[in-house]
Structure formats: C-alpha cells, structure tokens
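User: I'd like to go through this model and check the labels against their cut-offs. Can we take it one label at a time?

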Amino acid sequence: MYIGDSDIGETIRILRTERGMSREELAERVGISRSHLNKIEVDIKRPSIITYQKIMDVLEADISIRDEEKTEKGKCVAKAKDILMRRPEKEVKYLVKVLECAADNLDYVV
C-alpha cells in the first residue's frame, strides 16, 4: 500500500479497525500509550520512524510513506505502482519488461 505523508494516522486507524484491534491492544503491543496512539490516528502527532515500523509490524502491513507525489516524477511513480499492484504477477512481469524496453530505446522515440 502506498500512502502520502498526510494520511498516516487515518491509514493506521483503518488498518487497526480492519484487523479488529482496539486502540488499547495496538498501543500495548507497540509499547506506546493509548493516548499517544489516539493522537497519531487523528494526526495531532506524527509517529517516529521506529514507532511507525512497530505499528506496521503489529498490523502486519507493508506500507511505504512517500512525499514524492508533489513532483511530476513522483506522481508517475505512484500511478505506475498503483497500476502494477492491481495486476496479477504474470502481467506485472510483462509490464516491467515493456517499461524496461521503452526506457532502453527512449532515444529513438524522443
């Protein structure tokens, strides 16, 4: 899953509720107070990288935080990632080969 840096708290809350976990349970397993977790979920506080990693480990989630979507290159990367994540493995391998071929031969096109 790919999230922007302003969606961290909401994403944590959604993942926690999808897994049927209370704030108390997640906070305890991560080693922070329920109050601190609440502030993270409502975007009052930002978790440290270590706390964020612990939260993602407990929630068994693989999430990248990027602030790259503000650049044109970042927007393209996010769109490509979104497309690839929705495709079966076989199609992803094919699409990556197409992209590599296009990149290798860009001088002939541009």
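User: What makes the contact between the side chains of Arg87 and Glu91 a salt bridge?

Analyst: The N to O distance there is 3.7 Å. A salt bridge needs a side-chain nitrogen of Lys or Arg within 4 Å of a carboxyl oxygen of Asp or Glu, so Arg87 and Glu91 qualify. Before we go on: this is a predicted model, where local features need pLDDT of at least 70 and side-chain atom pairs count only at pLDDT 80 or more, while totals for chains, interfaces and linings use all residues. Residues are numbered from 1 along each chain as its sequence is written, and side-chain values use heavy atoms, with hydrogens and water left out.

User: Why is Arg87 called partly exposed?

Analyst: Its relative accessible area is 43%. Buried means under 20%, exposed means over 50%, and partly exposed is in between (1.4 Å probe, protein chains only), so 43% puts Arg87 in the middle class. Glu91 lands there too, at 37%.

User: How many salt bridges are there, and which one links Arg16?

Analyst: The structure holds seven. Among them, Arg16 meets Glu41 at 2.6 Å, N to O. Arg16 sits in helix α1 and Glu41 in helix α3, so this pair ties together parts that are 25 residues apart in sequence. Helices here are DSSP runs (H or I, at least four residues; strands are E, at least two), numbered from the N terminus. Both Arg16 and Glu41 are buried, and Arg23 joins them in a network of salt bridges.

User: How do you know that Glu24 and Arg34 form a salt bridge?

Analyst: Their closest N and O atoms are 3.4 Å apart, so the pair passes the distance test. Glu24 is in α2 and Arg34 in α3, so parts ten residues apart in sequence are tied together. Glu24 is partly exposed at 48% relative accessible area, and Arg34 is as well, at 41%.

User: Why do the buried residues of α2 count as lining one face?

Analyst: Helix α2 (residues 23–30) has Leu26, Ala27 and Val30 buried. Seen down the axis, those buried residues fall within an arc of 95°, so they line one face of the helix. The arc is taken from the directions from the helix axis to the C-beta atoms. Their cover includes α1 (8–18), α3 (34–41) and α4 (49–58). Just after α2, Gly31 takes a positive phi of about 95°.

User: What makes a set of residues a nonpolar core, and which elements feed the largest one?

Analyst: The members must be buried Ala, Val, Leu, Ile, Met, Phe, Trp, Tyr or Cys residues joined through side-chain atoms within 4.5 Å. The largest core has 16 residues, and those with the most contacts inside it include Leu26, Ile12 and Leu37. Two or more residues each come from α1, α2, α3 and α4, with α4 giving the most, four. Leu26 touches Ile12, Met21 and Ile55, among others, not counting residues up to four places away in sequence; a contact means heavy atoms within 4.5 Å.

User: Why can Val98 belong to a nonpolar surface patch?

Analyst: Patch residues need over 30% relative accessible area and no salt bridge; like charges are joined within 9 Å and nonpolar side chains (Val, Leu, Ile, Met, Phe, Trp, Tyr) within 5 Å. Val98 is at 38%, so it clears the area cut-off. Its partners in the patch of about 340 Å² are Ile83, Tyr94 and Leu95. Helix α6 (residues 89–104) supplies the largest share, three residues.

Note on methods: Areas by Shrake-Rupley, 256 points an atom, 1.4 Å probe, with all protein chains shown as cover.
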